[in-house]
Amino acid sequence: VFLGDSITDGWELAKYFPGKPYVNRGISGQTTPQMLVRLYPDVIRLHPAAMVILAGTNDIAGNTGPETLETMENNFRAICELAESRGIKIILCLLTPVSDYTKSKQTDHRPPTDIVRFNEWLQSLAPDLHAAVADYYSALVDDKGMLREGYSEDGLHPNARGYEIMAPIAESAIEKAPQ
């Protein structure tokens, strides 16, 4: 199960992972507290072998009100611990970078330093949760710390080129996730 926000919601999993039984549970605009609430119906009740979670960019943007990094971390830890307690392998996805290369200026709402700080925390959490990491960030960031030009139409959501880069990273992380 791929759990996430609009970046997950817009990912046509059947196109990028042909023949795989992957389920998309992305909902546009959602933040980690909302994902925590829907973890049972959207992930646990499906009894998946693994959960690929990409979440946090909307928390940074304050979509459901101001949040501290600590609040985000607590929500993330709760989501992962509930999944782990059900024997679901966890793949933590590093947040994708954003850019100001399009008409939509994304860095005002999603400061790159906040994304980097959250990604560092996610990487440090992975060993505690016996989780694999899908590092989308390193694959999509340019030398200015922005989402590479031409990989998004709005500076936030990957386009087909972006998803083409992300798919093998996700697949590799799923295969490497500890039992």
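# A guided tour of the sheet, its helices and its loops

Begin by selecting histidine 47, which sits in the loop between α4 (39-42) and β3. What you have open is a predicted model, and the tour moves from this loop into the sheet and then back out again. Histidine 47 is exposed, with a relative accessible area of 68%, and its phi is positive, at about 50°, although the residue is not a glycine. That is worth a pause, because most residues other than glycine have a negative phi.

**The whole sheet**

Next, show the strands together: five of them form an open sheet in the order β2-β1-β3-β4-β5, and their pairing is parallel. At the edges you will find β2 (24-26) and β5 (132-134), each of which pairs on one side only. Turning the sheet in the viewer, you can follow a twist that averages 20° from one strand to the next.

**From β2 through β1 to β3**

Select β1 (residues 2-4) together with β2, and you have two parallel strands joined by three bridges. For a single pair to display, take phenylalanine 2, whose bridge partner in β2 is asparagine 24. Then add β3, which pairs with β1 in the parallel sense, again over three bridges; here glycine 4 has leucine 54 of β3 as its bridge partner.

**β3 and β4**

Keep β3 selected and colour its residues by burial. Ala50, Val52 and Leu54 point one way from the strand, Met51 and Ile53 point the other way, and all are buried. This arrangement follows a general pattern, for in a regular strand the side chains alternate between the two faces of the sheet. Since five of the five residues of β3 are buried, the strand is largely enclosed by the rest of the structure.

Now bring in β4, which is joined to β3 by four bridges in the parallel sense. Two pairs can be picked out across these strands: alanine 50 stands opposite lysine 89 of β4, and isoleucine 53 has leucine 92 as its bridge partner. Which residues cover the two faces of β4? On one side are Lys89, Ile91 and Cys93, on the other are Ile90 and Leu92, and all of these are buried. As with β3, the count of buried residues in β4 is five of five, so this strand too is largely enclosed by the rest of the structure.

**From β4 over α7 to β5**

Select β4, helix α7 (residues 112-125) and β5 together, since these three make a right-handed β-α-β unit. Within the sheet, β4 and β5 are paired in the parallel sense over three bridges, and cysteine 93 can be shown standing opposite alanine 134 in β5.

On the way from β4 to α7 the chain passes through a loop, and threonine 102 lies in it. Is threonine 102 buried or exposed? Its relative accessibility is 17%, and because the cut-off for a buried residue is under 20%, threonine 102 counts as buried. If you leave aside neighbours within four places in sequence, the residues in contact with threonine 102 are Ser152, Glu153, Asp154 and Gly155.

The loop between α7 and β5 holds two further stops. One is proline 127, which is found in this loop and is exposed, with a relative accessible area of 58%. The other is histidine 130, also found in the loop between α7 and β5, where it counts as exposed at 51% relative accessibility. Check the backbone of histidine 130 as well, for its phi is near 55°, a positive value in a residue other than glycine.

**Helix α9 across the sheet**

Finally, select helix α9 (residues 160-176), which lies across β1, β3 (50-54), β4 (89-93) and β5 and runs at about 180° to β5. At the start of this helix, look for asparagine 159, a side-chain oxygen of which reaches to within 3.0 Å of the backbone nitrogen of arginine 161. If you check the length of the helix, the 17 residues of α9 should span 24 Å at 1.5 Å a residue, and its end C-alpha atoms are 25 Å apart, which agrees.

The buried residues of α9 are Gly162, Tyr163, Met166, Ala167, Ala170, Glu171, Ala173 and Ile174. To read their spacing, recall that an α-helix has 3.6 residues a turn, so residues three or four places apart point the same way. As a last step, draw a distance from isoleucine 174 back to proline 127: these residues are 47 residues apart along the chain, and their C-alpha atoms are separated by 15 Å.

Definitions and conventions: Residues are numbered from 1 along each chain as its sequence is written. This is a predicted model: local features need pLDDT of at least 70, side-chain atom pairs count only at pLDDT 80 or more; totals for chains, interfaces and linings use all residues. Side-chain values use heavy atoms; hydrogens and water are left out. Two strands pair if DSSP finds at least two bridges between them. Axes are lines fitted to C-alpha atoms, for helices over the stretch in contact, and angles run from 0 to 180 degrees between N-to-C directions. Contact means heavy atoms within 4.5 Å. Buried means under 20% relative accessible area, exposed over 50%, partly exposed in between (1.4 Å probe, protein chains only). A crossover is right-handed if, with the strands pointing away from the viewer, the path from the first strand over the helix to the second runs clockwise. The expected span of a helix is 1.5 Å times one less than its number of residues. A polar contact is a pair of N or O atoms within 3.5 Å; within protein, one must be able to donate a hydrogen and the other to accept it, and residues adjacent in sequence count only if both atoms are side-chain atoms.
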